[in-house]
Amino acid sequence: MKVAAAAMAAVLAASPLLAEADVEAGEKGFKKCKACHSIVNPEGDVLYKGGKTGPNLYGVVGRAVGSEDFKYGAGLLEANEAGAVWTEDMLAAYVVDPKAWLKDNGYATKSKMSFKLKKGGEDVVAYLASLAPAPVAEEPAEEAAPSE
């Protein structure tokens, strides 16, 4: 348990948004999301049983937008094509008003997410981030030395 607490402290320290968020409140707040979303790890363990009308949210922070096996709306598909990756800040803003987030970022405002999480978005994001390991940053490819 001490290892999990230390890992969570490291995650919280790494993100200013998560540093102020409440993981326990986020778990409670996720109850509003479970009508459409579940949280299932890659091994198939159900961490939070929910609906299937929305994508699985395990590992969403650090994942490419619109990359789960799901039929996304046009806006998230455009974000995916643009290479957008969910950060804590992006996801917290998205859940407050998905269509506004899409519009503000230059994507089509077609979204299948009709629910708006007006309060506690940061907490829910902190909860989601606490369930999955932090994404591993890709090392930039080394350039080949010019041949002489």
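Mentor: A residue counts as buried when its relative accessible area is under 20%, as exposed when that area is over 50%, and as partly exposed in between. Please keep in mind throughout that the model above is a predicted one.

Trainee: With that in hand, how many of the 11 residues of helix H7 are buried?
Mentor: Helix H7 covers residues 121-131, and its buried residues are Gly121, Asp123, Val124, Val125, Ala126, Tyr127, Leu128 and Ala129. The helix is largely enclosed by the rest of the structure, because the buried residues among its 11 number eight.

Trainee: Which helix gives the most residues to the largest nonpolar core?
Mentor: That core has 28 residues, and the members touching the most others are Phe30, Ile39, Leu76, Trp86 and Leu128. At least two residues of the core come from each of helix H4 (74-81), helix H5 (88-96), helix H6 (98-104) and H7. With five residues, the helix that gives the most to this core is H7.

Trainee: Setting aside residues up to four places away in sequence, which residues does Phe30 touch?
Mentor: Phe30 is one of the core members that touch the most others, and so its surroundings deserve a look, since nonpolar side chains in soluble globular proteins tend to be buried together. Its partners include Val124, Tyr127 and Leu128, which are also among the buried residues of H7. In full, the residues touched by Phe30 are His37, Ile39, Tyr48, Leu57, Val124, Tyr127 and Leu128.

Trainee: The structure holds eight aromatic pairs; is the pair of Tyr48 and Tyr127 edge-to-face or stacked?
Mentor: Planes under 30 degrees apart count as stacked, and planes over 60 degrees apart as edge-to-face. The ring centres of Tyr48 and Tyr127 are 6.4 Å apart and the planes stand at 75°, so this pair is edge-to-face.

Trainee: How many residues apart are Tyr48 and Tyr127, the two members of that pair?
Mentor: Tyr48 counts as buried at 12% relative accessibility, and Tyr127 counts as buried at 5%. Tyr48 belongs to strand E2 (residues 46-48) and Tyr127 to helix H7, so that the pair links distant parts of the chain, and the separation in residues is 79.

Trainee: What kind of pair do the rings of Trp101 and Tyr107 form?
Mentor: Trp101 is buried with a relative accessible area of 7%, and Tyr107 is buried at 17%. Ring pairs also join these two residues with Trp86 and Tyr94 in a cluster. The centres of the Trp101 and Tyr107 rings are 6.0 Å apart and their planes meet at 35°, so the pair is tilted.

Trainee: Why is the sulfur of Cys36 not bonded to that of Cys33?
Mentor: Two cysteine sulfur atoms must lie within 2.5 Å to count as a disulfide, and by this rule the count is zero. Cys33 is buried at 14% relative accessible area, whereas Cys36 is partly exposed at 34%. The sulfur of Cys33 is the closest cysteine sulfur to that of Cys36, yet it is too far for a bond, at 8.7 Å.

Trainee: Is Arg63 buried or exposed?
Mentor: Arg63 is placed in the loop between E2 and H4. Beyond its neighbours up to four places away in sequence, Arg63 touches Asn56, Leu57, Tyr58, Glu68, Val85 and Trp86. Its relative accessible area is 13%, and therefore Arg63 is buried.

Trainee: Against which helices do the buried residues of H4 pack?
Mentor: The buried residues in H4 are Gly75, Leu76 and Ala79. They cover an arc of only 95° around the axis, and therefore they lie on the same side of H4. The helices that these buried residues pack against are H5 and H6.

Trainee: How far apart in space are Gly26 and Gly121, C-alpha to C-alpha?
Mentor: Gly26 is found in helix H3 (residues 23-29), and it counts as buried because its relative accessibility is 0%. Leaving aside neighbours within four places in sequence, Gly26 is in contact with Asp123, Val124 and Tyr127, which are buried residues of H7. Gly26 and Gly121 are 95 residues apart in sequence, while their C-alpha to C-alpha distance is 7.7 Å.

Conventions
Residues numbered from 1 in each chain as written. Predicted model: local features only at pLDDT ≥ 70, side-chain atom pairs only at ≥ 80, totals over all residues. Heavy atoms only, no water. Buried < 20%, exposed > 50% of the residue type's maximum accessible area, 1.4 Å probe, protein only. Helix = DSSP H or I, 4+ residues; strand = E, 2+ residues; numbered from the N terminus. Core = buried A, V, L, I, M, F, W, Y, C linked by side-chain atoms within 4.5 Å. Contact = heavy atoms within 4.5 Å. Phe/Tyr/Trp six-rings, centres within 6.5 Å; stacked < 30°, edge-to-face > 60°. Arc of directions from axis to C-beta.
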